[in-house]
Each structure stands twice: as structure tokens, then as C-alpha cells.
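Student: I would like a close look at one part of this model. Please take it step by step.

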Amino acid sequence: MSQKARKITFYCMAAVAFLAVTIYEFLTPYMSDDIIYGDTVATAGSIFDLFRQEAEHYISHSGRSVAHIILRFFLYSGHKSIFNVVSGAVFVLLSILIYSNVRGKKDYDIKVYGCVLAMLWFLDPAIANTVFWASGTCNYLYTTTIIMTFVTIYRRNIDNDNKKSVLLTIGMFVLGVAAGWCNENTSGGLILFVLIELFYHFIISKKSFKFVKPWMISGLAGSLLGFVMLLLSPGNYNRLDATDEEHTGLLAMAARFLKITLNIKDNYFILVAIFAVIVVFLIYLSGKDTYFYASIKSMSLFGVLFLATCYALIMVPSSELRSYYGASIFLMTGIAQGVAALENTKEELISAGISAVLVVACLMFLLAYFDDGANLARIKREFDERDAYLTELASQGADDVYAPMLRPLWETRFSVAYEADIEEDWQFWINFFTAQHYGLGTIHGVDREEWTEY
């Protein structure tokens with residue numbers, strides 16, 4: 001395939017990814033935490049009030065101010081369509097950043113980029129939480145994109161031996177503060193990345209610091225400052241105090257370690273297995289070409305970041321699966337590097353195998369996209385019907401009300417709706433906050449098949 005044809009195909013793939021994500025975003029209503037934050041944002045009289053609200057949130061709930069101020073701005077706009085379109089663009093940007101970290105690839109390498117898109121779509125077990133739920137999207141997709149932007153710029157400049165630049169020095173500090181202030185384990189992985197890069201170049205520079213440029217130090221300083229601000233939030237410790245744990249001391253740490261390991265086994269084994277298989281192939285090929293050895297080193301960097309970012313969660317009593325998102329992005333980047341290396345072999349069977357996998361992934365996407373999209377549309381319809389019903393009851397001054405739960409037939413991995421649905425018990429936290437949102441006393445969930453009001 002000519003470079004012009006690859007370029008056109010590459011941009012078409014990016015456009016399809018943008019449309020696929022954006023359409024699903026339009027089919028996903030605000031849910032759960034989105035509504036809670038939205039009610040708070042609705043009281044803001046100006047943009048400055050958003051920062052005041054975030055300062056209060058920092059003190060009382062969480063230090064993830066970068067993610068939550070982004071969410072507040074979207075909610076303040078009053079137009080979810082803006083969030084939908086931007087989220088589709090950010091998803092594509094993240095895919096481009098992963099692709100950009102691959103060394104030795106062809107120009108507009110559609111096989112490598114196709115692997116990146118396939119991994120992001122099929123191998124993110126928490127995609128409903130990380131991409132298609134507004135609060136989760138801001139906390140994971142957006143923040144990981146900020147972190148990968150820092151990683152990409154840092155690697156590109158350190159590899160090209162970029163000289164002194166005042167603009168770059170300032171820019172890396174500001175970007176470092178934002179990236180370090182994203183979320184606890186992935187921002188920690190970012191700092192580890194910088195330290196590994198600096199240590200590696202110190203070693204290859206014959207243990208000399210002459211390679212160090214001002215932007216390298218400002219980037220590290222900014223990320224450390226942002227990370228410290230993230231960790232110093234009093235809200236973090238308020239949440240930790242409210243968490244019960246069965247064990248204490250070393251036994252508690254061992255239990256957390258086991259839980260993380262099981263999460264990796266149960267949810268990320270395919271990614272880990274692909275990574276391991278590619279490394280074995282490259283080790284076999286490394287005696288034939290130094291490029292394969294360099295690819296193994298690059299993969300090792302991202303493999304270490306994956307493990308460190310996962311096991312950093314040992315510092316908290318419990319964590320959601322979505323907390324592994326940044327770690328999985330590091331691993332996907334390493335795999336993409338390995339795919340590019342395998343593509344450079346003269347073994348036609350390996351290249352054909354990669355092509356075959358991508359064709360299967362494309363078929364799976366085409367066959368499943370409309371079915372999952374139809375389920376998202378059905379879920380949104382039921383949310384909209386219930387919203388209109390509860391709004392009408394609230395306008396009539398109703399107090400204790402009953403409302404239908406979602407039908408269980410349309411559950412899809414692209415929606416958190418069933419995790420965030422009301423239950424029969426009016427004391428359930430979603431019921432409680434939903435009642436507050438509409439100004440009702442209590443809300444009791446009713447099986448949709450037994451519902452007759454509409």
C-alpha cells in the first residue's frame with residue numbers, strides 16, 4: 001500500500017473512532033455522580049464559583065481537582081452535546097498519543113494504529129466507567145490523556161536531545177503540574193517514568209549530568225508539585241477513614257496485593273498475555289537486529305509502568321476497576337511498540353497474522369456496534385421517561401413516590417446505567433440522591449415489568 005493510501009486510511013480510522021465514541025456519548029445520559037455534581041454546579045453564579053466549589057470539594061472529598069474542574073465546566077455549560085463531541089476527540093487524541101510513542105514504525109502505520117484502537121475498544125474492561133460516564137470520563141480518559149501528552153512530549157524531546165528552550169521549560173512545568181494532579185496511581189506512574197528516563201540517560205551518558213536540560217527538571221518539578229497537591233487533599237483521608245478493612249498491618253497489605261493480582265488476572269490477562277508473547281518473539285529476533293533489542297527496552301519501560309501503576313493501589317484499602325485505566329494505557333503503549341517491531345520483520349507469516357487479527361477485530365466492531373448502540377438508546381429512553389415522570393410528580397408536590405427500575409434485558413458493557421440504577425430500597429444511596437435531585441421525599445424502585453403508570 002502506498003504512503004498516500006495509508007495516510008487516507010489512517011485518517012479514516014481516526015474519523016470512525018471519533019464518530020463511534022461520540023455517538024455512544026450522545027446515547028449516554030448523565031447518571032449517578034454526574035447528577036450530584038450537576039446539582040452543585042447549578043448553584044454557581046459564575047465561573048469563579050466553580051473554583052470555589054472545587055476548593056470545598058478538595059477539602060471535603062477528593063484531591064482530583066484537575067478532573068473535577070473539567071467536569072464542572074462541562075456541567076456549567078448546560079449542553080451535554082459539547083461534552084459528547086469533546087470526549088470523542090479526546091479518545092482519538094489518546095489513541096494518537098499511544099501511537100506517537102511507538103518507535104521505528106512506518107509513516108501512517110495503519111496496522112499499529114489499528115491495534116491501538118482495537119485495544120482501547122475491546123480490551124478496556126471498564127470502558128463504561130472510563131469513557132462513557134461523564135464523571136468517570138473526566139477522571140480517567142481526560143486525565144490519562146493529559147498524562148500521556150506529558151509522556152509523549154518528554155520522550156520526544158529527550159530522544160531528540162532538545163536544547164535549552166524557555167517556552168518548553170515553562171510549558172513542561174505547567175503540564176507537569178496538571179499531569180501530576182490527575183489521579184493517584186497514574187500520576188505516580190508518570191513520576192516514575194520521568195525518573196526512569198533520567199536515570200537511563202544518566203547511565204548512557206557515562207554517569208554524567210551534562211545531558212540534563214532545564215525543561216527536564218521543570219517537568220519533574222511540576223509533576224511532583226501536582227502530585228503533592230493531589231495527595232495533600234484532606235478529603236482523601238476523610239474517605240480513607242470511612243473505609244472498613246477486614247485485616248490490618250502486613251496482613252492487610254498482603255490482602256490488597258492479592259486483590260490487585262486477581263484483578264489483573266481476571267480483567268487484564270489478555271493484554272498481559274499479548275505483551276508476553278510479543279516480548280518472547282522479539283527476544284528470539286533480537287540477535288538479528290538491534291532494533292528489536294531497542295523495542296524490548298521500550299516495551300520494558302511501559303511494562304514496568306503498568307505494574308507500578310497497578311500495585312500502587314496497594315496504598316488504599318479498596319479500588320474500583322476503573323482505577324487501572326492508566327496502567328492499562330501504559331501496557332497498550334508497550335504492546336503497540338511490539339507490534340511495530342514485529343511488522344518490521346521479514347517474516348510474512350507474522351505480518352499476515354497481525355493483519356488477520358485486525359480484520360477479525362474490525363468485523364467484531366461492525367457486527368456488535370449497532371446492537372450495543374440500540375441497547376444504549378433503549379436505556380436512554382427509559383432514563384428520559386423516568387426523568388419526565390419524576391419531574392411531573394415533583395411539580396405536583398409529591399413526596400414518597402415509586403418509579404420503575406431499568407429492564408435487565410439491555411445491559412451492555414458500554415453503560416454504567418445498571419450500576420447506577422435505583423433499587424427497591426428507598427435508603428439506597430442512588431435512591432436518596434435521586435430524590436434530592438427532584439425535590440422528593442423518597443423514591444422506591446419497582447420492577448419495570450410490573451410498572452403500569454406509563
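Student: Where is the place of Ser32? Please start there and then work outward.

Tutor: Keep in mind that this is a predicted model. Ser32 sits in a loop. That loop runs between helix H1 (3–26) and helix H2 (33–41). Now look at its burial. Ser32 has a relative accessible area of 13%. Buried means under 20%, so Ser32 is buried. Next, check its backbone. The phi of Ser32 is positive, about 50 degrees, although Ser32 is not a glycine. Why does that deserve a note? Most residues other than glycine have a negative phi.

Tyr108 is another case to look at. Its phi is positive, about 50 degrees, and Tyr108 is not a glycine. It lies in the loop between helix H5 (80–100) and helix H6 (110–122). Its relative accessible area is 22%, so Tyr108 counts as partly exposed.

Asp161 also has a positive phi, near 55 degrees. This residue follows helix H8. Now test the length of H8. It covers residues 134–159, which makes 26 residues. At 1.5 Å a residue, H8 should span 38 Å. The C-alpha atoms at its ends are 36 Å apart, so the two values agree. H8 is also mostly covered, with 22 of its 26 residues buried.

His201 comes next. It belongs to helix H10 (residues 184–204). Its relative accessible area is 11%, so His201 is buried. What does His201 touch, leaving out residues up to four places away in sequence? The partners are Ile158, Asp159 and Phe211.

Go back to H6, the helix on one side of the Tyr108 loop. H6 packs with helix H16 (residues 325–343). The angle is about 155 degrees, and the axes are 9 Å apart. An angle over 145 degrees counts as roughly antiparallel, so H6 and H16 are roughly antiparallel to each other. Their crossing is right-handed. Who meets whom? From H6 come Lys111, Val112, Cys115, Val116, Met119 and Leu120. From H16 come Tyr325, Ile329, Met332, Ile335, Ala336, Val339, Ala340 and Glu343. The residues in this contact divide into 12 nonpolar, no polar and two charged. Here is a general point about such lists. An α-helix has 3.6 residues a turn, so residues three or four places apart point the same way.

Now try a second helix pair. Helix H14 (residues 269–285) and helix H15 (residues 290–311) pack at an angle of about 155 degrees, with their axes 9 Å apart. That angle makes H14 roughly antiparallel to H15. The crossing of H14 and H15 is left-handed. On the H14 side, the contact uses Val272, Phe275, Ile278, Val279, Leu282, Ile283 and Leu285. On the H15 side, it uses Phe292, Ser295, Ile296, Met299, Gly303 and Phe306. The contact of H14 with H15 divides into 11 nonpolar, two polar and no charged residues.

Finish with Leu251, in helix H13 (residues 249–267). Is it buried or exposed? Its relative accessibility is 51%, so Leu251 counts as exposed. Now compare Leu251 with Lys163. They are 88 residues apart in sequence. In space they are 50 Å apart, C-alpha to C-alpha.

Note on methods: Residues are numbered from 1 along each chain as its sequence is written. This is a predicted model: local features need pLDDT of at least 70, side-chain atom pairs count only at pLDDT 80 or more; totals for chains, interfaces and linings use all residues. Side-chain values use heavy atoms; hydrogens and water are left out. Helices (H or I, at least four residues) and strands (E, at least two) are DSSP runs, numbered from the N terminus. Buried means under 20% relative accessible area, exposed over 50%, partly exposed in between (1.4 Å probe, protein chains only). Contact means heavy atoms within 4.5 Å. Axes are lines fitted to C-alpha atoms, for helices over the stretch in contact, and angles run from 0 to 180 degrees between N-to-C directions. Angles under 35 degrees count as roughly parallel, over 145 as roughly antiparallel, 65 to 115 as roughly perpendicular and the rest as oblique. A crossing is left-handed if the near helix is turned anticlockwise from the far one by less than a right angle, and right-handed if clockwise. Ala, Val, Leu, Ile, Met, Phe, Trp, Tyr, Cys and Pro count as nonpolar, Asp, Glu, Lys and Arg as charged, and the others, Gly among them, as polar. The expected span of a helix is 1.5 Å times one less than its number of residues.
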